[in-house]
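This report covers a metal site and a small sheet. Please have the structure open while reading.

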Amino acid sequence: MIDQQNPNRQNRRVRTRKIGQSGNYWYAVELSKNLRKGKSKEVIFWKSSIAIYRGADGKVRALENRCAHRQLRLTTGVVDGNDIICQYHGWTYNGCGECIKISHELGKGKKDRLPNIKVGHYPVQEKYGLIWIFPGNPEVAGKVSIPKIPQLEQQKPWKFIPLDFTINAHFSMVLENVCDFNHAFLHRDLRPFTDPHLLGYDRKDDAITIDYETDLSQSQVVKIAGEKQGKDFDKMTLWYNYPFQASNISDKYLHWLFMVPIDEKTTRCFFIFLFGSLEIPFIRVQIPQIVRKPLIRLINKFYVVPLLKQDLWALEEEQIAHDKHSGHHHYEFNPIITEFQKMSLQKWDEYLESESERMKNEKAKGNKLFFPGAGISEKDLNFFEKQRKEEGVTA
Ligand code: FES
Ligand SMILES: [Fe+2]
């Protein structure tokens with residue numbers, strides 16, 4: 001049955017499940033420890049393949065993952081010093097995507113003159129054990145910050161171990177799962193939250209803040225190592241702070257979720273869980289930060305990962321169900337879901353709009369080497385422009 005009751009709502013949900021995330025933000029794309037000096041790796045941002053590589057100087061660079069010659073992936077090539085060489089004919093690219101060396105002949109009389117050949121490149125930073133790239137307009141990168149985690153910036157940073165999951169579901173489903181506590185039933189054995197009540201939510205600029213009241217003392221891990229066995233904790237604040245998600249319980253238990261939208265059915269998720277207060281069972285004395293890592297490893301293994309796997313299972317089922325039944329009426333009782341979808345759609349449109357403007361400006365300047373942000377192509381931008389014209393929107 002097609003949703004006749006509220007076509008806008010149906011369209012909003014279906015449309016949300018098709019979009020990517022704006023490239024004009026920083027995205028964690030890989031764990032730093034997974035990229036050694038002299039090695040490259042392919043990462044995907046919304047269907048765009050990106051080559052990241054760590055040069056001899058230890059710095060990471062990110063390029064469009066294609067050689068300008070026959071379009072082979074650069075990640076099949078070799079890292080040489082701070083450059084990367086395509087495996088096929090050996091063209092060499094620097095960290096700005098410029099082809100700086102072609103080892104074979106260039107045609108009669110042209111041997112010394114290297115043509116102006118380039119592929120796109122992306123700003124890169126490393127922070128919190130993660131490699132971050134800025135997939136959109138590189139000129140905006142300096143004005144946007146990587147999300148700040150104060151507990152990891154202080155003099156004695158809290159210990160943490162990032163978790164890396166790839167989920168076969170659209171990023172908007174992942175977001176809705178993490179912030180909608182109406183799914184307590186799914187976790188009825190592990191009980192991370194019990195009897196949740198939405199107290200309220202509020203959108204300000206790029207952030208939606210959500211407050212819940214819930215019993216947080218029912219899980220085994222909280223009963224064993226939580227401060228006062230979780231008895232004083234019954235409030236939780238969560239955020240969809242575009243493009244990432246986070247939560248906070250009394251500044252003592254927090255998490256961040258940094259997502260990379262890969263395609264309509266795949267999202268890579270980097271979780272950082274922070275446990276500020278952990279007690280030794282029975283004597284209820286604080287466990288010092290210095291011995292936290294092995295303990296966090298145990299908590300992750302026996303509690304956090306099994307918990308996330310329950311969500312992962314539900315999300316992958318939801319994606320399959322969405323593909324089969326997207327036209328059906330969909331009952332929704334949590335108002336934050338609509339707010340999330342509105343914000344995701346708005347930001348995606350803003351991305352298309354700003355990249356479309358940038359393309360027009362660059363072309364007007366005669367720039368033949370314009371590279372749209374990752375996740376979108378010139379074809380997408382032309383289609384976006386055409387749609388806007390049809391809708392009568394002028395820039
Ligand atoms: S395909 Fe890369 S050098 Fe030819
Ligand atoms: Fe969950």
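## A buried aspartate

In this predicted model, aspartate 311 has a relative accessibility of 9%. Aspartate 311 therefore counts as buried, since the cut-off for that class is under 20% relative accessible area.

## The iron site

Asp311 is one of the residues that bind the iron ion (ligand 2). The protein donors are NE2 of His183, NE2 of His187 and two OD entries of Asp311, and they lie 2.1 to 2.5 Å from the ion. Along the chain, the donors of the iron ion (ligand 2) are spaced as H-x3-H-x123-D. Histidine 187 and aspartate 311 link distant parts of the chain, being 124 residues apart. Histidine 187 sits in the loop between helix H3 (171-179) and strand E13 (194-204), while aspartate 311 belongs to helix H5 (residues 292-325). Histidine 187 is also buried, with a relative accessible area of 2%.

The arrangement around the iron ion (ligand 2) is irregular because the four donor atoms subtend angles of 55 to 146°. A tetrahedral assignment would need all angles to lie between 85 and 135 degrees.

## A three-stranded sheet

Elsewhere, three strands form an open sheet in the order E1-E11-E10, with antiparallel pairing. Strand E1 (27-31) and strand E10 (124-127) are its edge strands, each pairing on one side only. On average, neighbouring strands of this sheet are turned by 35° against each other, direction ignored.

Strand E11 (residues 130-133) pairs with E10 over four bridges in the antiparallel sense. Lysine 127 has leucine 130, in E11, as its bridge partner.

Methods. Residues numbered from 1 in each chain as written. Chains lettered and ligands numbered in written order. Predicted model: local features only at pLDDT ≥ 70, side-chain atom pairs only at ≥ 80, totals over all residues. Heavy atoms only, no water. Donors = N, O, S within 2.8 Å, 3.2 Å for Na, K, Ca; no water. Tetrahedral: all angles 85-135°; square planar, octahedral: opposite > 155°, others 65-115°. Helix = DSSP H or I, 4+ residues; strand = E, 2+ residues; numbered from the N terminus. Buried < 20%, exposed > 50% of the residue type's maximum accessible area, 1.4 Å probe, protein only. Pairing = 2+ DSSP bridges. Axes fitted to C-alpha atoms, helices over the stretch in contact; angles between N-to-C directions.
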